[in-house]
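I am keeping these notes for a first look at a structure that is new to me. The entries follow the order in which I looked things up.

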Amino acid sequence: MAQAVEEWYKQMPIITRSYLTAAVVTTIGCSLDIISPSNLYLNPRLVVKNYEFWRLVTNFLYFRKMDLDFMFHMFFLARYCKLLEENSFRGRTADFFYMLLFGATVLTGIVIVGGNIPYLSESFAKIIFLSNSLTFMMVYVWSKQNPFIHMSFLGLFTFTAAYLPWVLLGFSVLVGASAWVDLLGMIAGHAYYFLEDVYPRMTNRRPLKTPSFIKSLFADEAVVVARPANVRFAPPPAEEVDRR
């Protein structure tokens, strides 16, 4: 059993493995009182005035209590982060990292701006950890890129992947969890999907092109697609037909 888990862990792509490890270690550390959540949560005032810049990162690593909700989010993180990195972003580790960076930036910006809007500031003030939102963003992006995959929710009913975020949102509301966290993830995910997949098809421009300095951090291997020999995918030239 232990060997199977070790093998599963080693087979994870680098970004998924790193994020999952950091999230589990941080959450366990807080549960054992080794790390204090008060040093991790997002606080724009402390970031600006006390230069506690680490909070911009650590608030994405802590998943609150180690309960059923924690297990659900670890499953979503391990599954959908891995699926995105191995499929949609195969051979494009830098692009995948940039997607997470974009999502984290959008989520942080929404919380900061929302905290200064009357009638909404109280709701946004309660959102001090964005780890769940970033995980939900990955689920949303995956569902948009794989909309026709058939899925089942707890064996109760089936649906296509396009509706997965809405099913999970409904489940969160049903169990009494805050819908704001999931909604923020959906907003960030849709912003990425629109700018990366929809807008380039409309304008032939790609606004989310990964910066070269981020690409230099990752040594992506070229993805080679094997093609069987002596197989034609187009009709032979006319002169070749005439010679026959």
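Entry one. I began with Glu 52 in this predicted model, and I found Glu 52 in the loop between α3 (44–49) and α4 (55–58). I noted a relative accessibility of 14% for Glu 52, and because buried means under 20%, I entered this residue as buried. Its side chain is joined to that of Arg 55 by a polar contact of 2.5 Å. Leaving out residues up to four places away in sequence, I also saw that Glu 52 touches Leu 46 and Val 47.

Entry two. I stayed in the loop between α3 and α4 to look up Tyr 51, whose phi is near 60°, a positive value in a residue other than glycine. Most residues other than glycine have a negative phi, which is the reason I wrote this one down. With 58% relative accessibility, Tyr 51 counts as exposed. I then turned to Asp 33, in the loop between α2 (14–31) and α3, where phi is likewise positive and near 60°. Asp 33, at 69% relative accessibility, counts as exposed.

Entry three. Next I looked up how helix α8 (residues 131–145) and helix α10 (residues 179–203) meet, and I noted that their axes come within 7 Å and cross at roughly 45°. The two helices are therefore oblique to each other, and I recorded their crossing as right-handed. Among the residues in contact, I listed Phe 136, Met 137 and Tyr 140 in α8, and Leu 184, Met 186 and Tyr 193 in α10. Sorted by class, this contact has 10 nonpolar, 6 polar and 3 charged residues.

Key. Residues numbered from 1 in each chain as written. Predicted model: local features only at pLDDT ≥ 70, side-chain atom pairs only at ≥ 80, totals over all residues. Heavy atoms only, no water. Helix = DSSP H or I, 4+ residues; strand = E, 2+ residues; numbered from the N terminus. Buried < 20%, exposed > 50% of the residue type's maximum accessible area, 1.4 Å probe, protein only. Polar contact = N/O pair within 3.5 Å; in protein donor to acceptor, adjacent residues only side chain to side chain. Contact = heavy atoms within 4.5 Å. Axes fitted to C-alpha atoms, helices over the stretch in contact; angles between N-to-C directions. Parallel < 35°, antiparallel > 145°, perpendicular 65-115°, else oblique. Left-handed = near helix turned anticlockwise from the far one by under 90°. Nonpolar A, V, L, I, M, F, W, Y, C, P; charged D, E, K, R; others polar.
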